[in-house]
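User: I've got a structure up on the screen and I'd like to know what's behind the labels people put on it. Can we go through them?

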Amino acid sequence: MFIGLSSSFSLIFPALGSGAEEELKMDLKVDETNAYSYLYPTELPFDKFVFKWVESRKSERYSSAAPLSPDARLRIVSERVDFMDNLIVSVTIGPPNSLFLKSKDKSTWSAKDVADSVLADKSALRVTSTQRMDESSVLDAHSSTVDGEPYWYYEYLVRKSPTKNAQESNLYRHFVTSTAERDGYLYSLNASTLSKQWDKMGPFLEKTVASFRLLPPTENYVPPYQDPWRFW
């Protein structure tokens, strides 16, 4: 369906909350190693605003990806950052947490339980799953069926200060995430910005999260369980 790890393919959407003449340009990211795709914002032509993305982590297989917690269950397989606008878009993969997703039947999973499962494994601190969840506050969680498969969507705040130099006690990171399951693993697209920028950037990040899709695997697909010893 798609060729290469990424594509310059561009789509144009009407910008949310803007005049009819303003448009949002989005580019397509395709990762054949992990078989997913998503759209990310690149330009607001009417405002002459250009997003300044840097690919901070190139797409890689689960076995060699950077862990998000000491137990290395949840790992970042790709990430792009806009440092100037405090934006982060990343894809993580990890097994379901049995404390929250007790059944293997994903049709029975609630969006809140999926959110708790992912967030419990997300902290880099050496704390318990419950303590990791306490760092975050889920604002909304819901699910939708896309091409016959469930996708779970959730929005949350991270209670920790997002920057070392932050002076405001109420300055958090605001996240939106889409999660889908394949081969016994949860694939999540995470998009975030600072809480004070949410009104401006949030609608664009929501479009990114809504575009996340697991793709039919090609010969380049590497399942997360394959060669767990391999680090390259």
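User: Why is Thr-218 given the class it has, going by its relative accessibility?

Analyst: This is a predicted model, so the numbers are computed from it. Thr-218 has a relative accessibility of 34%. Buried means under 20% and exposed means over 50%, so at 34% Thr-218 counts as partly exposed. You'll find Thr-218 in the segment after β13 (213-214).

User: How far apart are Thr-218 and Glu-32, in sequence and in space?

Analyst: Thr-218 and Glu-32 are 186 residues apart in sequence, and their C-alpha atoms are 7.0 Å apart in space.

User: What makes Ser-59 buried?

Analyst: The relative accessibility of Ser-59 is 17%. The cut-off for buried is under 20%, so Ser-59 counts as buried. Ser-59 sits in the loop between β5 and β6.

User: Which residues does Ser-59 touch, leaving out those up to four places away in sequence?

Analyst: Ser-59 touches Lys-29, Asp-31, Tyr-36, Val-77 and Ser-78.

User: How do you know that the side chains of Ser-59 and Lys-29 make a polar contact?

Analyst: The value for Ser-59 and Lys-29 is 2.9 Å, and the limit is within 3.5 Å. The side chains of Ser-59 and Asp-31 are also joined by a polar contact, this one of 3.4 Å. That 3.4 Å is again within the 3.5 Å limit.

User: What about Ser-63: where does it lie, and why is it called buried?

Analyst: Ser-63 lies in the loop between β5 (54-57) and β6 (66-67). Its relative accessible area is 3%. Set that against the cut-off of under 20%, and Ser-63 is buried. The side chain of Ser-63 also has a polar contact of 3.2 Å with the side chain of Arg-61.

User: Why is α1 described as largely enclosed by the rest of the structure?

Analyst: Eight of the 10 residues of α1 are buried, so the helix is largely enclosed by the rest of the structure. The buried ones are Ala-111, Val-114, Ala-115, Asp-116, Ser-117, Val-118, Leu-119 and Ala-120.

User: Is Lys-112 of helix α1 buried or partly exposed?

Analyst: Lys-112, in helix α1 (residues 111-120), has 39% relative accessibility. Partly exposed is the class between 20% and 50%, so Lys-112 counts as partly exposed. Setting aside neighbours within four places in sequence, Lys-112 is in contact with Val-138 and Ala-141. From Lys-112 to Asp-140 it's 28 residues in sequence and 8.1 Å in space, C-alpha to C-alpha.

User: Now the cavity. How many are there of 30 Å³ or more, and which residues line the largest?

Analyst: The structure holds one cavity of 30 Å³ or more, and about 40 Å³ of space lies in the largest cavity. The lining is made of Arg-73, Leu-74, Gly-94, Pro-95, Ser-117, Val-118, Asp-121 and Leu-186. Those residues divide into four nonpolar, two polar and two charged.

User: And the chain as a whole: what share of the residues count as buried, and how many helices and strands are there?

Analyst: Of the 232 residues, 51% count as buried. The chain has three helices and 13 strands. About 11700 Å² is exposed by the chain, with carbon and sulfur atoms supplying 53% of it. As for contacts with a separation of 6 or more, 54% are accounted for by residues 24 or more positions apart.

Key: Residues numbered from 1 in each chain as written. Predicted model: local features only at pLDDT ≥ 70, side-chain atom pairs only at ≥ 80, totals over all residues. Heavy atoms only, no water. Helix = DSSP H or I, 4+ residues; strand = E, 2+ residues; numbered from the N terminus. Buried < 20%, exposed > 50% of the residue type's maximum accessible area, 1.4 Å probe, protein only. Contact = heavy atoms within 4.5 Å. Areas by Shrake-Rupley, 256 points an atom, 1.4 Å probe, with all protein chains shown as cover. Polar contact = N/O pair within 3.5 Å; in protein donor to acceptor, adjacent residues only side chain to side chain. 1 Å grid on protein atoms, 1.4 Å probe; cavity = no way out; pocket = protein on both sides within 12 Å on 5 of 7 lines; lining within 4 Å. Points joined across faces, edges and corners; volume = space filled by probe spheres on them. Nonpolar A, V, L, I, M, F, W, Y, C, P; charged D, E, K, R; others polar.
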